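Got a minute to go through some ring contacts and cysteines? Have a look at the model first.

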Amino acid sequence: MVWPVMDVLTLSRIQFGATIAFHYIYPPLSIGLGLLLVIMEALWLKTGNNLYHQMARFWTRVFALTFAIGVATGIVMEFEFGTNWATYSRFVGDVFGSALAAEGIFAFFLESGFLAVLLFGWEKVGRKTHFFSTCMVCLGAHFSAVWIVVANSWMQTPAGYHLVGHGLLTRAEITNFWQLVFNPSTVQRLGHTVCGAWCAGAFFVVSVSAWYLLKGRHVDFARKSLKLGLFAALGASLLQAATGHLSAQGVAKNQPAKLAAFEGLYDTVSNAPLVLAGYVDEKRERVVGLAAPGLLSFLAHNNFHTPVIGLHEFKPEDRPPVTASFLFFHAMVGLGMAMIGLAALGFLYFHHGSLPQRRWLLWLLVVAVLLPQLANQMGWFAAEVGRQPWIVYGLMRTPEGISAVVKANTVIASLVLFTLIYFLLFAVFIYLLNDKIQHGPHADDLVPAGKLALPIVQPATEERK
Amino acid sequence: MNAIPFDLNSIWFLLVGALFTGYAMLDGFDLGIGALYLFTKKDEERRLLLNSIGPVWDGNEVWLVTGGGALFAAFPDVYATVFSGFYLALILLLAALIFRGVAIEFRSKQPMRWWRQTWDVSFAGGSVLAALLIGVALGNIAWGVPLDQHGEFAGTFLGLLTPYPLLVGITVVALFMMHGAIYGVMKTEGELHDKLREWTRRCIIFFVICAVTLTMATLLYVPHMAARMRANPWLFSVALLNMLSIANVPREFHHGRDRMAFVSSCGTIITLMALFALNIFPNLVFSPQHPENSLTIYNAASSPKTLGVMLVIAGIGVPAVAAYTVCIYWIFRGKVKLDRVSY
């Protein structure tokens, strides 16, 4: 067998893409489930209904599993900037490194520290302390999203820096920290990312609960979880569409080549169409498919007639890969729409009271756990492929960023190793997750034990005064 | 370097050093527990060992992540050179840390014997390999790393596995085993406690042998380290402090003051790291063949502006981290017991 010849650049890109895609299955679940855990515990504290305690306990066990793999695969990411993208690291360390270090200090410590109390502190601490810890874990997970999106957004829309030095020694240095943090794309991209994470958590809860209803197991538990999950799923997926719109407007303004690639738009035109379904014929430089005229102009500029910049305005070597960008972007949008539809339908029938009878919908909701996962992946693929050929938009090209001293066969070795480990991890994850779901919530979790059993001193009467 | 200049670069040298020292002190004991883990065959005792570190190992590992992030931010050239130069060693370290981390989480989730055996071996093997590789990396930095005129690594993977770095690696394994064993003594009771007591004695002997050998090897074979000590006699006081810390470990342990023995073990780690740091300062990566190519805290650093911003971030973050880390250790104080939420 002849191995296809691949250079360090291609291999490093494959390795980074594969490891980040695998990693990104888990943090959105941690963020989304984290938020739902906070809501469940808050409801428990407020109502005293122990069903909420049982819910919090069950979903915490699932949370622990996703968190462990998230941490294990996350360390890889931090190392890979240095191992595979050393030249990039030298160029951006001053700016990008700061955001990563802030993530460590503000997010990871908070998350992992209080995770101890969340997982092992049941029965060791009081209800309020436990609730506080859950809030801190959730906050830590959100902080990590903030800093990593700050870092990534700086790669998309660099700001608050200046370039120092010449040739090989050029590097970016911070001039204004807050401009770096709030660079032109941070806020909308953060909103869009976090909503995607909430969707992942919400649809996960919905999926497992719907399956219990289908099987007639843990019905009370499943109903309460489903209600909460559907509510969160609908809210998050609607917000996701809104933040997506803002994000698209940001891309139109800051990275027009990326938007043009998303839509396969070659000529700058007014009344630019939004492609609903189709593909890009790169040879003939046109899109084949169904398009809604003027809608892209409207999405990008809130006006049906404003021209949208096409790919012809950019030199061929400055254009992102069109077909890939187009496909990832449209897959993301399609999946997002499907999520809104399913969540709305489920929510409607749930309130109508007829959801348990509509088994087809319950089955769809079971499968729907994949939608936000795929949409999150597609969205990041679109964002990162659409940034090409730049590693830092407009400043450094991707091939310039790789490590000077690393050889192709070395990267092949690490790539093979990571592939094997990650397949194994994923198989074990699915196996254990299935096991936890099959076991279901513990019946004795309906009775809080240890310090949790102590009645809380009623602050409610005081607050009403 | 008779007077250490007090500037942002030195402060960041200190801070990055403090983060890695914190990592060695905290993850050191749970890696050590991992290295000792297979010596007990009983399932319940293994579970007790796992649960003694259960709530905290994850947070301990964050010290490494944040240390890496701080190195990236403060000294990007060092981060880039070392991480790309030590590529395979670091990939192996990642694999080791992944396996030991998920093994803790996965191991007790299923009762099958083969399942538990597999993850037990992953946990122990990953822990030993991680400690060894961390030591080898440290040993290479101490020994000196070949660098070209761009500050890029000019050696090979096998060139990193020479006797001196391997000796440092073994010493780190021994140190962590001693550190972990004392931690285990503090956290357990009954039969397992007595076993750990016996292991601690052996680990102390193992570590002392390694430490003496390493000291001799350093003075004989690492001329720039020895020269630094001769030129700065006050450094000898740090070495003396280190020796006293090491000697105090068996002393406290013999008198049954386990907590003080653990503190001494922490002191050993701190003084060892201090000795190492003071010996390389102001270099971060020393190139013995071409000293002019060495990466120092000045030629490899980020801009003063960034170092200042980062100092503010550290000033806000580090006290908060210290405060709640102490609280969390306090919540989980006392002997470990198995209950419903245990691994």
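What follows is a short round of questions and answers on this predicted model.

Q: How many aromatic pairs are there over all chains?
A: Ring centres have to lie within 6.5 Å for a pair to count. By that rule, the total over all chains is 48 aromatic pairs.

Q: Is the aromatic pair of A:F96 and B:F72 stacked, edge-to-face or tilted?
A: The two ring centres are 6.0 Å apart, and the planes make an angle of 55°. Stacked needs under 30 degrees and edge-to-face needs over 60. That makes the pair of A:F96 and B:F72 tilted.

Q: Why does the pair of A:F96 and B:F72 join two chains?
A: Take the two rings in turn: A:F96 belongs to helix α4 (residues 86-120) of chain A. B:F72 belongs to helix α3 (residues 57-74) of chain B, so the pair joins chain A and chain B.

Q: Which helix holds both A:F418 and A:Y422?
A: These two rings also form a tilted pair, 5.8 Å centre to centre with 50° between the planes. The residues are four apart, about one turn of the helix. Both lie in chain A, in helix α14 (residues 408-439).

Q: Is A:Y422 buried or exposed?
A: Buried means under 20% relative accessible area. Its partner A:F418 has 2% and is buried. A:Y422 comes out at 6%, so A:Y422 counts as buried.

Q: Which residues of chain B belong to the cluster of ring pairs that includes A:F16?
A: On the chain A side, ring pairs link A:F16, A:F79, A:F81, A:Y88 and A:F96 into the cluster. The chain B members are B:F72, B:Y79 and B:F83.

Q: How far from the ring centre of B:W330 is the charged end of B:R333?
A: There's a charge over a ring in chain A too: A:R397 lies over the face of A:W390, at 4.3 Å from the ring centre. In chain B, the charged end of B:R333 sits over the ring of B:W330, and the distance to its centre is 3.9 Å.

Q: How many disulfides are there over all chains?
A: Two cysteine sulfurs must be within 2.5 Å to count. For A:C138, the nearest cysteine sulfur is that of A:C135, 7.1 Å away, so by that cut-off A:C138 is in no disulfide. Over all chains the count is zero.

Q: Is B:C327 buried, partly exposed or exposed?
A: B:C327 is in no disulfide either, with the nearest cysteine sulfur, that of A:C135, 16 Å away. Relative accessibility is 44% for B:C327, and the class between 20% and 50% is partly exposed. So B:C327 counts as partly exposed.

Note on methods:
Residues numbered from 1 in each chain as written. Chains lettered and ligands numbered in written order. Predicted model: local features only at pLDDT ≥ 70, side-chain atom pairs only at ≥ 80, totals over all residues. Heavy atoms only, no water. Buried < 20%, exposed > 50% of the residue type's maximum accessible area, 1.4 Å probe, protein only. Lys NZ or Arg CZ within 6 Å of the ring centre and 35° of its normal.
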